[in-house]
Amino acid sequence: AYIQGQVHLQNDETQKAVELFANVPETHPDYVFAQHALAVTTSRLISDLNLAVPYLENCISAAVTSKAQKEIVNRSYVFLGYIFYEENAVSKAVVALRMVPTSSYYAEDALLGQGWTALKARQCQDCISAGQLLVKTTNKPVLKCEGLLIESYGYLLEKNYGPALSKLKNALDIANSIQAATQDSLDV
């Protein structure tokens, strides 16, 4: 049912996909993937992101054993955190985003969300910490720039303009070193 649902999604038959995802039993190893897919599909179909929350909560509360299952749970935490961020439920966003371990593939996404959530909550030290940790852990130049931006916002909130300017200059240097994708890469 999960694989058939994915095929229906690729064919833009979302209602059929939703029905199939909903039929995956809780005891099946694909259950967490189907619940996450229901959350994503529901949020695409209906502009109310809150309708995705129960599916994400099902995913998070499921018993998982494999690495892939654990990663989809981490992805669900990130999705939940971003939904809560958009709904201005800042404390819930922070809790969800902090559940993602640093070893996860989604750790950078969680850190990014933590940084922007800290800024929204006007928590300058959390901004600085999240920005620094993102810069330290990522190899992606764009995310390094965003981490430096978040960190600089933290310094700006403190009215500490020297370090803020320094971080922004560092981000500019990195941004200037980024090579644009070739037309061949874009075509692929």
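**Exercise 1. Burial and overall build**

Task: State what share of the protein chain is buried, and describe its secondary structure and extent.

Solution.
Step 1. In this predicted model, buried residues make up 40% of the 188 residues in the protein chain.
Step 2. The secondary structure comes to eleven helices and zero strands. Along the sequence the pattern therefore reads α-α-α-α-α-α-α-α-α-α-α.
Step 3. Taken along the principal axes, the C-alpha atoms fill a box of roughly 55 × 45 × 30 Å.
Step 4. Of the contacts in the protein chain with a separation of 6 or more, 47% are between residues 24 or more positions apart.

**Exercise 2. The nonpolar cores**

Task: Find which residues have the most contacts inside the largest nonpolar core, and which elements supply that core.

Solution.
Step 1. The largest nonpolar core has 33 residues, and Tyr2, Phe21, Val32 and Leu80 have the most contacts inside it.
Step 2. At least two residues of this core come from each of α1, α2 (14-22), α3, α4 (53-61), α5 and α6. With eight residues, α5 gives the most.
Step 3. Another core, of eight residues, lies apart from the largest one; Leu119, Cys127, Leu143 and Ile150 are among its members.
Step 4. Take Tyr2 as a case. Leaving aside neighbours within four places in sequence, Tyr2 is in contact with Phe21, Val24, Asp30, Phe33, Ala34 and Ala37.

**Exercise 3. The largest pocket**

Task: Give the volume of the largest pocket, its lining by element, and its lining by class.

Solution.
Step 1. The largest pocket holds about 190 Å³ of space.
Step 2. Its lining consists of Tyr2, Gln6, Leu9, Gln10, Phe33, His36, Ala37, Val40, Arg44, Ile72 and Arg75.
Step 3. Sorted by element, α1 (2-10), α3 (31-45) and α5 (67-86) each supply at least two of these residues. The largest share, five residues, comes from α3.
Step 4. Sorted by class, the lining has six nonpolar, three polar and two charged residues.
Step 5. Tyr2 lines this pocket and is also one of the residues with the most contacts inside the largest nonpolar core.

**Exercise 4. The second largest pocket**

Task: Repeat the analysis for the second largest pocket.

Solution.
Step 1. About 160 Å³ of space lies in the second largest pocket.
Step 2. This pocket is lined by 14 residues, of which Val94, Arg98, Gln114, Ala118 and Asp126 are the closest to its centre.
Step 3. Two or more lining residues come from each of α6 (90-98), α7 (107-120) and α8 (124-137).
Step 4. By class, the lining has seven nonpolar, five polar and two charged residues.

**Exercise 5. His8**

Task: Place His8 in the fold and list what it touches.

Solution.
Step 1. His8 is in helix α1.
Step 2. Not counting residues up to four places away in sequence, His8 touches Glu13, Thr14, Lys16, Ala17 and Leu20.
Step 3. With Glu13, the touch includes a polar contact between the two side chains, at 2.5 Å.

**Exercise 6. Positive phi outside glycine**

Task: For Asn88 and Lys159, give phi and location, then decide whether each residue is buried or exposed.

Solution.
Step 1. Asn88 is not a glycine, yet has a positive phi of about 60°. Asn88 sits in the loop between α5 and α6.
Step 2. The cut-off for exposed is over 50% relative accessible area. Asn88 has 54%, so Asn88 is exposed.
Step 3. Lys159, also a residue other than glycine, has a positive phi near 60°. Lys159 lies in the loop between α9 (141-157) and α10 (161-177).
Step 4. Lys159 has a relative accessibility of 61% and therefore counts as exposed.

Definitions and conventions:
Residues numbered from 1 in each chain as written. Predicted model: local features only at pLDDT ≥ 70, side-chain atom pairs only at ≥ 80, totals over all residues. Heavy atoms only, no water. 1 Å grid on protein atoms, 1.4 Å probe; cavity = no way out; pocket = protein on both sides within 12 Å on 5 of 7 lines; lining within 4 Å. Points joined across faces, edges and corners; volume = space filled by probe spheres on them. Helix = DSSP H or I, 4+ residues; strand = E, 2+ residues; numbered from the N terminus. Nonpolar A, V, L, I, M, F, W, Y, C, P; charged D, E, K, R; others polar. Core = buried A, V, L, I, M, F, W, Y, C linked by side-chain atoms within 4.5 Å. Buried < 20%, exposed > 50% of the residue type's maximum accessible area, 1.4 Å probe, protein only. Contact = heavy atoms within 4.5 Å. Polar contact = N/O pair within 3.5 Å; in protein donor to acceptor, adjacent residues only side chain to side chain.
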